[in-house]
Amino acid sequence: MDNSKNIIADAFNKLSDGISEEHAHEFTLTKLEDVWKAVQDIDRSQRQRQSAQNMGRIKPLLQGIEKYSKVMEVLCNGTPYLPYFASQHYEVFESLLAAYATIGAVLPRFDRYEKAFGEIPSFRVALATMYKHILDFHRRAYKLLSRKAWHVLFLSLWRDYKKRFSGIIEGLEEQQVFLDAEAMSIHMSESKDARAQLQKEIQENQKKSLATLEQSEAEARIARLQHSIAWLSVDDKTQEDNYERISDRRHNETCHWIANNGEFLSWRRDDGKNPVLWISGKPGAGEPRSQHHVCYFFCNSQESGNICSQILRTIALQLLRRNLDLASLIANQYVYQGASCGMAQLRILLPEMLETIDSTRIIIDGLDECSEVETQMSILKDLQRLLGKDVGCKIIISSRREVKIAEKLSGKPQIQLDGRKEVELDIGLYVKYEVGSIKTTDPEVRAKIESILVEKANGMFLWVRLVVGELRVCGSDWELEDRAKSLPRGLKKAYGRILDRIMDETHSNYPCLQAIKILEWIACSYRPLKTYELLDGIAFKVGCTELNSRTKMRKSVLDSCRPLIEESPSNTVDFVHFSAKEYILNEEYKQAASFISPDAANLNISFSCMAYLNTSLGLLPNTLTLQTRGTLILSGFHGLHLYANQFFAQHLLAYFASLAGSRSRPAPALVVELQKLLHFSKNSGDEGLVSHSTVNLDVLSESPEVVSFLRQVVAFRDGLKQEEVSSNMLKSPKDVSLDSCSSDPTYFSDTRHTYQETVEALLSPRAPDLFPSLDRRALDNFANIYGPAAYVCRYIHCSKATDGFDSKAKRDAHEAAHQRKFRCDDASCASFATGFTTRNALSRHNEKWHRVVTESTFSV
């Protein structure tokens, strides 16, 4: 059956569908002689620069096309790009040249075959099939070369294309063999049916190979994406939660004026001008939202580690999710080369990624919340590096008008929110919306309340949010109006009024001591706390050192601190705004010290952590069966374990540091809990551990065994951090966890490991079989509360070591970044996932198993 026309039409349609109208017009005007001329011009130019690339390699291809011009002329299309490739991008041109040379080498002698067998259907089918293979290559090459900043991605994507290209060459070679056999068969008068059967077998084999190849390519794409995300080693869920939380707060009718603001309009335009816009104002003054697709980062005072690195990693991950082809760039140029994801690599990678995407907009919110001025300046410097001439990227910086930030951004376009008439109008709309939920039957009273709130808000949406709650509980119009008139002006006074209410002991609904503990934990914890962690932490106090059904706090206790605090979509509790934390920790309250003393907070938090740890002895190895441990943890009395285990020593040392130089002694109740912790000592007497901590433990001079114990804890954790940095490539995460258990002079690593194993068993699909006596509904409830962050990283100093992922797969992908292994180029290889610890080991593997691939006929 002669279906050659259908084969040609299908191949041509696939190619033409992917070509722009502009290029299609140019291609129509391009002749074969134009290609010859372009090749000669390139060869002449390269010889003059003494950088010749042997243009003769393409000669067989062009000669083959010339003999087959009526069918193959479309292959010439796109060659106007060749001179630019040759002069500007040597490696790209080398790859294309080698590929075309390889195609040319397998083209048969069309002129001779066409004269002899041109009217034979099977011959025409064979030629059409070759045409299809070559157009498939050309279509994919065009797709690579027509994208924005193609030169950034070309070599990485071309590397991924090697298997597909090899398949095209194999298909061409099979058709060449068939044509030779066809010619011989015709001379030998062989059966027409036999020849048809051979062609059918070739086509079926190629169809099967294509299906296998497509599956392999799909798996490789998924693997590259997973490895790229793991390499970036950042969880953008926190940023998504922040975005969702802030979006939910925004009133839909506000900030429309920004769309017509001249500075904002300039920022939105894709003209390369004014790439940085600074939006400044009071805390809680609101901020505009761009209609562009944006990358964003919400700064938080509790962020630890290198904030610059976190911002760049987050932006990179958001760009990757927008353009999945960037996974080839990250995986091939960084991950599989064994590069770490450090600042040096990110400063190269981010501009490359931005260059491939049109009109990227980046928003950095709350820069002033990064408390260290040096960190703020570093962030601004690194963001400025992203704004190259070929990068269509612009940035908004949102912050308060702090001195150093103002100095750095003084020359940039600005939108200052303070005192703007438009902001006052927005406040009016927001107040009208909030007052709408206040109970009153008198429209005049409602209007009067709205007028008072707008006048006192002074342009701050946050102020309205803080005070409107007071008005909702008023029982009469008179009380409503009187309360509104008494509302304080400004955020600081609003915060003070809320704290006054908390300290009012005549109100049984507001137990002040409990509220102070809540605010201490939120203000001084080393990371944002989960709701269940906070509730368990505040349950411990002097005289109450056990968590059970009678002492466990109900969630309603948090209401005593609202509206100063709020819960996020990720089940964490934090201040409603950074300025609330600043006020509580730094501002004078009632002509005295700050409302919360960090020293007292560290005392209370360390006491709670140690009191909890002293209740966790059941998690010691070989103490209880898995069934009993599961029952223990399912009870919900061990939610504080990961935080307490990780941070008790830091809070304790911070408290001791506050006592240095004074005659004060540690709180007796604290010393009692600290002495109880000696049960966690293995009594190894290991004096080889050296602590580099500068904290003076003289305040514990009366308890030398406690001093020795604490020094061992600190020294071990310092040493563990160094070990993770130096040798994490050589061990699996599970081995890292087990090794820490065996080398830890205390049982803290063991209880952490046992706790984690039990939690994961409770969350596994096999939980009903592992714990047959446990109620299925209790297991489901446990998964809902603890599951979203249960799979923690097993590298103890990682930020995800106590606040993990919602699945084992995500945790495993994250941990892979700690190992920085060298991976095989072939994603379908059995050794791809495990990788190699050294580049030499990878080279030996490639030499043994992938020699054909690594010695490919074209250069990458």
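How many bridges join β2 to strand β3, and in which direction do the two strands run? The first legend takes up this point, and every view shows a predicted model.

**View 1. The five-stranded open sheet, with parallel pairing in the order β2-β3-β4-β1-β5.** Five bridges join β2 to β3 (residues 360–365), and these two strands run parallel. Among the residues that can be picked out in this part of the sheet is C295, whose bridge partner in β3 is I362. At the edges of the sheet stand β2 (294–298) and β5 (414–416), each of which has a single partner strand, so one side of each is left without a neighbour in the sheet. From one strand to the next, the twist averages 15°. Helix α13 (residues 237–249) packs on the sheet, where it touches β2 and β3, and the direction of α13 makes about 90° with that of β2.

**View 2. The three-stranded open sheet, with antiparallel pairing in the order β6-β8-β7.** The edge strands of this sheet are β6 (529–530) and β7, each of which pairs on one side only. Three bridges join β7 to β8, the two strands running antiparallel, and within this pairing E567 has V573 of β8 as its bridge partner. Helix α25 (residues 512–524) packs on the sheet and touches β6, β7 and β8, with a direction that makes about 90° with that of β8.

**View 3. Backbone details in two loops, one leading to β7 (565–567) and the other lying between β7 and β8 (572–575).** In the loop between α26 and β7, which contains P563, the peptide bond from R562 to P563 is cis, with omega near 5°. In the loop between β7 and β8, the residue to inspect is N571, which has a positive phi of about 70° although it is not a glycine.

**View 4. The packing of helix α21 (residues 443–457) against helix α22 (residues 461–472).** Two packed helices are described by the angle between their axes and the distance between the axes. For α21 and α22 the angle is about 145° and the axes are 10 Å apart, and the crossing is right-handed. From α21 the contact is made by I449, L453, K456 and A457, and from α22 by W463, V464, V467 and L471. By class, the residues of this contact between α21 and α22 divide into seven nonpolar, no polar and one charged.

**View 5. The second largest cavity, with about 110 Å³ of space.** Rolling a probe the size of a water molecule over the atoms shows where empty space is left. The structure holds eight cavities of 30 Å³ or more, and the lining of the second largest is made up of Y532, E533, G639, L642, Y755, Q756, V759, F782, Y786, A789, A790 and T802. The elements that give two or more residues to this lining are α26 (531–539), α34 (748–763) and α36 (776–786), and α34 gives the most, with three residues. Sorted by class, the lining of the second largest cavity has eight nonpolar, three polar and one charged residues.

How values were computed
Residues are numbered from 1 along each chain as its sequence is written. This is a predicted model: local features need pLDDT of at least 70, side-chain atom pairs count only at pLDDT 80 or more; totals for chains, interfaces and linings use all residues. Side-chain values use heavy atoms; hydrogens and water are left out. On a 1 Å grid over the protein atoms alone, a cavity is a set of points where a 1.4 Å probe fits but cannot get out, and a pocket is an open set with protein on both sides within 12 Å along at least five of seven lines; lining residues have an atom within 4 Å of a point. Grid points are joined across faces, edges and corners, and a volume is the space filled by probe spheres set on the points. Helices (H or I, at least four residues) and strands (E, at least two) are DSSP runs, numbered from the N terminus. Ala, Val, Leu, Ile, Met, Phe, Trp, Tyr, Cys and Pro count as nonpolar, Asp, Glu, Lys and Arg as charged, and the others, Gly among them, as polar. Axes are lines fitted to C-alpha atoms, for helices over the stretch in contact, and angles run from 0 to 180 degrees between N-to-C directions. A crossing is left-handed if the near helix is turned anticlockwise from the far one by less than a right angle, and right-handed if clockwise. Contact means heavy atoms within 4.5 Å. Two strands pair if DSSP finds at least two bridges between them.
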